[in-house]
Amino acid sequence: KKHQSNLARRAAKEAKEAPVQPAPLKAGVDIKKFVKIGRPGYRVTKQRDPDNGQQSLLFEIDYPEIAEGIMPRHRFMSAYEQKVEPPDRKWQYLLFAAEPYETIAFKVPSREVDKTDTRFWTHWNKETKEFFLQFSFKLVDPRGGNNRAPAPPPAVVPSRPPAPPSNLPPPPKPPSSSGVPPPPSFAPPPPRM
């Protein structure tokens with residue numbers, strides 16, 4: 001107990017006698033202040049690749065009054081990062097930001113994004129002040145695999161069912177003594193084309 005009090009007294013004495021050193025200056029980032037002018041205009045187009053059925057989304061964001069020298073930015077946000085709605089693991093958010101506009105977000109399915117050069121691209125058109133972003137979702141094999149192409153469509157179904165094997169015995173005959181007529185012969189409807 002006495003040892004602890006002596007240590008505390010010694011630490012207080014050293015702190016009092018030590019020269020006061022200024023705290024090192026932190027390298028700060030200049031925060032630009034803009035008055036928000038509202039939301040930008042946008043168009044969203046859902047697409048599907050005809051060759052492999054891969055789904056994609058194309059975003060066109062209009063920034064007619066964007067600040068000089070500013071390029072729009074985007075990022076994907078998990079449902080657990082945002083605080084606007086209760087988190088739902090089925091969804092993720094795609095955010096677009098450019099000063100002086102408000103940041104806008106789109107709720108998209110929480111599927112893995114294909115980030116190859118041909119499937120994920122952005123473009124900022126300085127003349128028309130439009131920002132384009134297109135991304136595709138990775139193909140998912142329904143059997144549990146990830147990056148396989150979907151199974152080919154089923155072959156064309158033949159118009160006539162195959163004949164039954166010839167080694168089957170004939171079907172039993174219904175009793176004819178009950179007075180009930182036999183059922184009419186059944187002809188299957190013609191196949192639809």
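Here are some short exercises on this predicted model, each followed by a worked solution.

**Exercise 1. Work out how many helices and strands the protein has, and in what order they run.**

Solution. Start with the count: the protein has one helix and eight strands. Next, read along the chain from the N terminus, where the elements follow the pattern α-β-β-β-β-β-β-β-β. Finally, take in the whole chain: 26% of the 193 residues count as buried.

**Exercise 2. Find the strands that stand at the edges of the open sheet S3-S4-S5, and say why one side of each has no neighbour.**

Solution. Begin with the order: three strands make up this open sheet, arranged S3-S4-S5 with antiparallel pairing. Strand S3 (73-78) and strand S5 (104-109) each have a single partner strand, so they stand at the edges and one side of each lacks a neighbour in the sheet. Now add the twist: on average, and ignoring direction, neighbouring strands here are turned by 25° against each other. Then look at one pairing in detail. S3 and S4 run antiparallel and are joined by six bridges. To see one of the contacts on screen, pick arginine 73, whose bridge partner in S4 is alanine 97.

**Exercise 3. Decide whether strand S8 is enclosed or open, and identify the strands that pair with it.**

Solution. First check burial. Strand S8 covers residues 130-137, and eight of its eight residues are buried, so the rest of the structure largely encloses it. Second, separate the two faces. In a regular strand, side chains alternate between the two faces of the sheet. On one side of S8 sit Glu130, Phe132, Gln134 and Ser136, on the other Phe131, Leu133, Phe135 and Phe137, and all of them are buried.

Third, go through the partners of S8:

- S2 pairs with S8 in the antiparallel sense over seven bridges, and leucine 57 stands opposite phenylalanine 135.
- Strand S6 (residues 113-114) is antiparallel to S8 over two bridges, with valine 113 opposite phenylalanine 137.
- Strand S7 (residues 120-125) is antiparallel to S8 over six bridges, with asparagine 125 opposite glutamate 130.

Last, look at the turn: S7 and S8 form a hairpin with four residues between them, and lysine 129 in that turn has a positive phi of about 55°.

**Exercise 4. Classify the ring pair of phenylalanine 59 and phenylalanine 96, and place the pair in the chain.**

Solution. Two quantities are needed: a pair of aromatic rings is described by the distance of the centres and the angle of the planes. A search of the whole structure gives eleven aromatic pairs. For phenylalanine 59 and phenylalanine 96, the ring centres are 5.6 Å apart and the planes are at 50°, so this pair is tilted. Phenylalanine 59 belongs to strand S2 (residues 55-62) and phenylalanine 96 to strand S4 (residues 91-97), so the pair links distant parts of the chain, 37 residues apart. Both phenylalanine 59 and phenylalanine 96 are buried.

Now widen the view. Both rings belong to one aromatic cluster, which also includes Tyr42, Phe76, Phe106, Phe120, Phe131, Phe135 and Phe137. At Phe120, lysine 115 lies over the ring face, 5.7 Å from the ring centre.

**Exercise 5. Give the volume of the largest pocket and name the residues that line it.**

Solution. The largest pocket has a volume of about 160 Å³. Its lining is made of Met77, Gln82, Lys83, Val84, Glu85, Tyr93, Leu95, Ala105 and Lys107. To finish, map the lining onto the elements: S4 and S5 are the ones that give two or more residues to it.

Terms used
Residues numbered from 1 in each chain as written. Predicted model: local features only at pLDDT ≥ 70, side-chain atom pairs only at ≥ 80, totals over all residues. Heavy atoms only, no water. Phe/Tyr/Trp six-rings, centres within 6.5 Å; stacked < 30°, edge-to-face > 60°. Buried < 20%, exposed > 50% of the residue type's maximum accessible area, 1.4 Å probe, protein only. Lys NZ or Arg CZ within 6 Å of the ring centre and 35° of its normal. Pairing = 2+ DSSP bridges. Axes fitted to C-alpha atoms, helices over the stretch in contact; angles between N-to-C directions. 1 Å grid on protein atoms, 1.4 Å probe; cavity = no way out; pocket = protein on both sides within 12 Å on 5 of 7 lines; lining within 4 Å. Points joined across faces, edges and corners; volume = space filled by probe spheres on them.
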